[in-house]
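Here are some comments for a colleague who has the sequence and the coordinates at hand. They are set out as numbered points and can be checked one by one.

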Amino acid sequence: IFIFFFIITASNIFARRISKLITSTYFRKASFDAGRQDSINKILHYVIYTIGILIALQTLGIDLSALMAGGAILAVGIGFGIQNLVTNFVAGILILLEQPIKKGDFIEVGKDVFGVVTDIAIRNTTIKTLDNVFILIPNSKFITENITNWTYKEMLIKVKLSVNIPFSADINFIQTLLLDISRKTPDVLSTPEPSVQFEMISTGFIFNIFVWINDPFIYGTLKSKLYFSIADELKKNDI
């Protein structure tokens with residue numbers, strides 16, 4: 001029994017040491033982002049830990065083939081009771097392997113959850129919202145439902161603003177004004193550069209402004225800052 005627990009503990013420590021070693025050596029040379037590093041480390045940890053458990057069971061003289069057969073029978077009996085647990089477990093493995101989302105991604109889940117992935121565990125994924133609230137979401141939700149990953153390939157986020165301009169205004173002047181405000185606003189990236197599109201004619205001239213940022217947590221603040229600046233400039237020009 002002592003050897004059994006020793007092997008399990010040693011496997012856990014060994015898995016953590018291997019993960020740190022790979023992070024400090026291989027990942028520094030490879031062009032892997034933090035999210036992919038986290039996924040590889042967790043998969044490696046689970047594999048080493050599982051092997052350690054199997055070796056530990058063998059030290060107790062437990063026949064693994066008999067254990068698996070008994071486990072299969074037991075799984076049939078309690079399968080309905082732990083169906084959600086198993087579903088989330090399998091979904092967590094798939095997320096770590098396929099990486100539709102990864103640690104550090106800025107995602108949107110439904111219409112209510114909007115934030116950054118801080119951790120992907122076996123049963124659930126932790127999201128930190130723009131309000132600094134941590135939400136635990138079952139992994140199965142990321143497999144069965146539509147998820148918007150704003151930073152799937154790169155950490156660039158497009159911010160869209162709409163402005164309704166009265167018919168009396170000069171549309172060419174408005175375009176120049178909106179572009180100038182966007183370019184001068186701090187935290188707005190110069191590449192990709194800001195753009196202004198004439199969307200439609202409705203109750204006025206509808207313009208859309210598009211700017212890019214690389215920090216998801218300033219999304220709401222930046223929109224507010226831009227709207228304040230636009231409102232001030234329009235007022236200065238009697239529009």
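1. Which strands does helix α8 lie across, and at about what angle to β6 does this helix run? In this predicted model, helix α8, made up of residues 219-236, lies across β6 and β8 and runs at about 30° to β6. Helix α7, residues 171-184, lies across β6, β7 and β8, and its direction is at about 20° to β8.

2. The sheet that these helices cover deserves a description of its own. The strand order is β6-β8-β7 in an open sheet of 3 strands, and the pairing is antiparallel. At the edges are β6 (157-165) and β7 (195-201), each of which pairs on one side only. On average, and with direction ignored, neighbouring strands of this sheet are turned by 25° against each other.

3. For the pairing of β6 with β8, the model gives the following detail. Strand β8 covers residues 205-213, and its antiparallel pairing with β6 extends over 9 bridges. Within this pairing, Lys-158 stands opposite Trp-212 of β8. Lys-158 also lies over the face of an aromatic ring, that of Phe-210, at 5.1 Å from the ring centre.

4. A second set of strands is found earlier in the chain, beginning with β1. Strand β1 (residues 106-109) and strand β2 (residues 113-120) run antiparallel and are joined by 4 bridges, with Ile-107 standing opposite Gly-115 in β2. The two strands make a hairpin with 3 residues between them, and Gly-110 in the turn has a positive phi of about 65°. Strand β1 is also joined, by 3 bridges and again in the antiparallel sense, to strand β5, residues 147-149; here Glu-108 stands opposite Thr-148 of β5.

5. How many aromatic pairs does the structure hold? There are 7 of them, and one is the pair of Phe-2 and Phe-6, which is stacked, with 6.3 Å centre to centre and 20° between the planes. Phe-2 and Phe-6 are 4 residues apart in helix α1 (residues 2-24), so about one helical turn separates them. Phe-2 counts as exposed because its relative accessibility is 68%, and Phe-6 likewise counts as exposed because its value is 52%.

6. The pair of Phe-106 and Phe-114 is edge-to-face, with 4.8 Å centre to centre and 70° between the planes. Are these two residues buried or exposed? Phe-106 counts as buried because its relative accessibility is 0%, and Phe-114, with a relative accessible area of 18%, is buried as well. Elsewhere, one aromatic cluster is formed by Phe-167, Phe-198, Phe-205 and Phe-207.

7. Thr-129 may be inspected together with Phe-114. The place of Thr-129 is in strand β3, residues 124-129, and this threonine is buried, since its relative accessible area is 8%. Which residues does Thr-129 touch, if those up to four places away in sequence are not counted? On that basis, Thr-129 touches Phe-114, Gly-115, Ile-135 and Phe-217. Of these contacts, Phe-114 is the partner of Phe-106 in the edge-to-face pair, while Gly-115 is the residue of β2 that Ile-107 stands opposite.

Terms used. Residues are numbered from 1 along each chain as its sequence is written. This is a predicted model: local features need pLDDT of at least 70, side-chain atom pairs count only at pLDDT 80 or more; totals for chains, interfaces and linings use all residues. Side-chain values use heavy atoms; hydrogens and water are left out. Two strands pair if DSSP finds at least two bridges between them. Axes are lines fitted to C-alpha atoms, for helices over the stretch in contact, and angles run from 0 to 180 degrees between N-to-C directions. Contact means heavy atoms within 4.5 Å. Rings of Phe, Tyr and Trp (its six-membered ring) pair if their centres lie within 6.5 Å; planes under 30 degrees apart count as stacked, over 60 as edge-to-face and the rest as tilted. Buried means under 20% relative accessible area, exposed over 50%, partly exposed in between (1.4 Å probe, protein chains only). A charge sits over a ring if NZ of Lys or CZ of Arg is within 6 Å of the ring centre and within 35 degrees of the ring normal.
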